[in-house]
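The exercises below ask for a careful reading of one protein chain, each with a solution that proceeds step by step. Please keep the sequence and the coordinates at hand while working through them.

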Amino acid sequence: MARQHPWVLAAVCWSPDREFTRGTWHGKPLLSHGIAPRDKLATRRQLRALGLRPGGQDPVAFLYFRCRKAAKIVHADLYLIEHAKPVRPMTPGRRAALDKAMAARRTCRSCGETGWAELPRAHRTCDPCLAEDGLPPDSHLHDFLAGEPTLTADEHAALDHARPGQNENPGWTQEIAA
């Protein structure tokens with residue numbers, strides 16, 4: 001069985017010499033984790049940490065690595081550091097526009113109150129307004145509102161017994177009693 005991305009000696013734009021890559025992806029060199037020259041190539045986040053931005057340039061290569069948490073292969077664009085431009089400074093007008101956009105994400109569409117946390121994108125409604133409008137049966141608010149429990153005490157106990165190991169006695173209560 002052949003490797004999906006075998007080592008290839010190829011000409012690259014950031015070096016006058018041929019360098020080892022993992023082939024091409026979308027017509028650009030593909031590099032695996034740890035083989036990209038850090039003094040010449042950087043991702044967007046790495047550029048930002050250096051106080052730079054891509055500045056309109058297209059990526060010159062792609063970096064690929066396996067994300068264990070997502071259990072998939074992730075591709076990142078690599079840009080030439082020498083062609084990057086400095087980050088634009090934050091002006092008062094840009095700051096005001098960002099503040100206005102973030103306030104819109106925290107403002108309830110029903111009552112108009114602006115809270116401290118971003119509201120869900122699906123409805124942009126605060127919890128009290130959502131409760132007044134009628135809750136869907138699977139809403140998390142049922143347990144917090146008086147008179148509308150989703151499960152009885154017996155049903156909660158049945159759930160606890162259905163999940164073994166969740167509510168086992170850790171033993172510390174016996175030490176306190178002794």
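Helices (H or I, at least four residues) and strands (E, at least two) are DSSP runs, and they are numbered from the N terminus. By that convention Lys85 belongs to strand β9, which spans residues 85-86. The model in these exercises is a predicted one.

**Exercise 1. The order of the elements**

Task: State how many helices and strands the protein chain has, and in which order the elements run.

Solution. Begin with the count, which gives five helices and nine strands for the protein chain. Then follow the elements from the N terminus on, where the order reads β-β-β-β-β-α-β-β-β-β-α-α-α-α. As a last step, consider burial: of the 178 residues in the protein chain, 25% are buried.

**Exercise 2. The salt bridges**

Task: Find how many salt bridges there are, and determine which residues the shared partners join into a network.

Solution. The criterion needed here is a side-chain nitrogen of Lys or Arg within 4 Å of a carboxyl oxygen of Asp or Glu. Applied to the model, this rule yields two salt bridges. In one of them, Glu118 pairs with Arg105, with 3.8 Å between the closest N and O atoms. This pair links distant parts of the chain, since Glu118 sits in the loop between α2 (92-106) and α3 (127-132), while Arg105 is in helix α2, 13 residues apart. Glu118 also meets Arg124 in a salt bridge, with an N to O distance of 3.9 Å. Through these shared partners, Arg105, Glu118 and Arg124 are joined into one network.

The next step is to compare the exposure of the three residues. Glu118 is partly exposed, its relative accessible area being 43%, and Arg105 is likewise partly exposed, at 37%. Arg124, by contrast, has a relative accessibility of 10% and therefore counts as buried.

**Exercise 3. Polar contacts of two loop residues**

Task: For Ser15 and Gln57, establish where each residue lies, whether each is buried or exposed, and which polar atoms the side chains approach.

Solution. Ser15 is located in the loop between β1 (8-11) and β2 (18-21). Because its relative accessible area is 11%, Ser15 is classed as buried. Its side chain has a polar atom 3.2 Å from the backbone nitrogen of Asp17, and a polar contact of 3.1 Å joins the side chain of Ser15 to that of Glu19.

Turning to Gln57, the residue lies in the loop between β6 (52-53) and β7. With a relative accessibility of 15%, Gln57 counts as buried. A polar atom of the Gln57 side chain lies 3.0 Å from the backbone oxygen of Leu80.

**Exercise 4. Surface patches**

Task: Identify which residues form the nonpolar patch on the surface and which gather in the patch of positive charge.

Solution. Start with the nonpolar patch, which is formed by Trp7, Leu9 and Phe20, with about 330 Å² of accessible area together. Of its members, Phe20 is found in strand β2 and is exposed, with a relative accessible area of 51%. Strand β2 also holds Arg18, which is exposed at a relative accessible area of 54%. Between Arg18 and Val8 there are 9.6 Å in space, C-alpha to C-alpha, and the two are ten residues apart in sequence.

Then take the positive patch, in which Arg48, Lys85, Arg88 and Arg94 gather on the surface. Lys85, the residue placed in strand β9 at the outset, counts as partly exposed at 40% relative accessibility.

**Exercise 5. Positive phi values**

Task: For His26 and Ala71, give the phi angle, the loop and the exposure.

Solution. His26 has a positive phi of about 55 degrees, although it is not a glycine. Its place is in the loop between β3 (24-25) and β4 (28-32), and at 64% relative accessibility His26 counts as exposed. For Ala71, phi is near 55 degrees, again a positive value in a residue other than glycine. Ala71 lies in the loop between β7 (61-67) and β8 (72-80), where it is exposed with a relative accessible area of 58%.

Notes:
Residues numbered from 1 in each chain as written. Predicted model: local features only at pLDDT ≥ 70, side-chain atom pairs only at ≥ 80, totals over all residues. Heavy atoms only, no water. Buried < 20%, exposed > 50% of the residue type's maximum accessible area, 1.4 Å probe, protein only. Polar contact = N/O pair within 3.5 Å; in protein donor to acceptor, adjacent residues only side chain to side chain. Patch = residues over 30% accessible without salt bridge, like charges linked within 9 Å, V, L, I, M, F, W, Y side chains within 5 Å. Areas by Shrake-Rupley, 256 points an atom, 1.4 Å probe, with all protein chains shown as cover. Lys, Arg positive; Asp, Glu negative; His and termini not counted. Charge placed at Lys NZ, Arg CZ, Asp CG, Glu CD.
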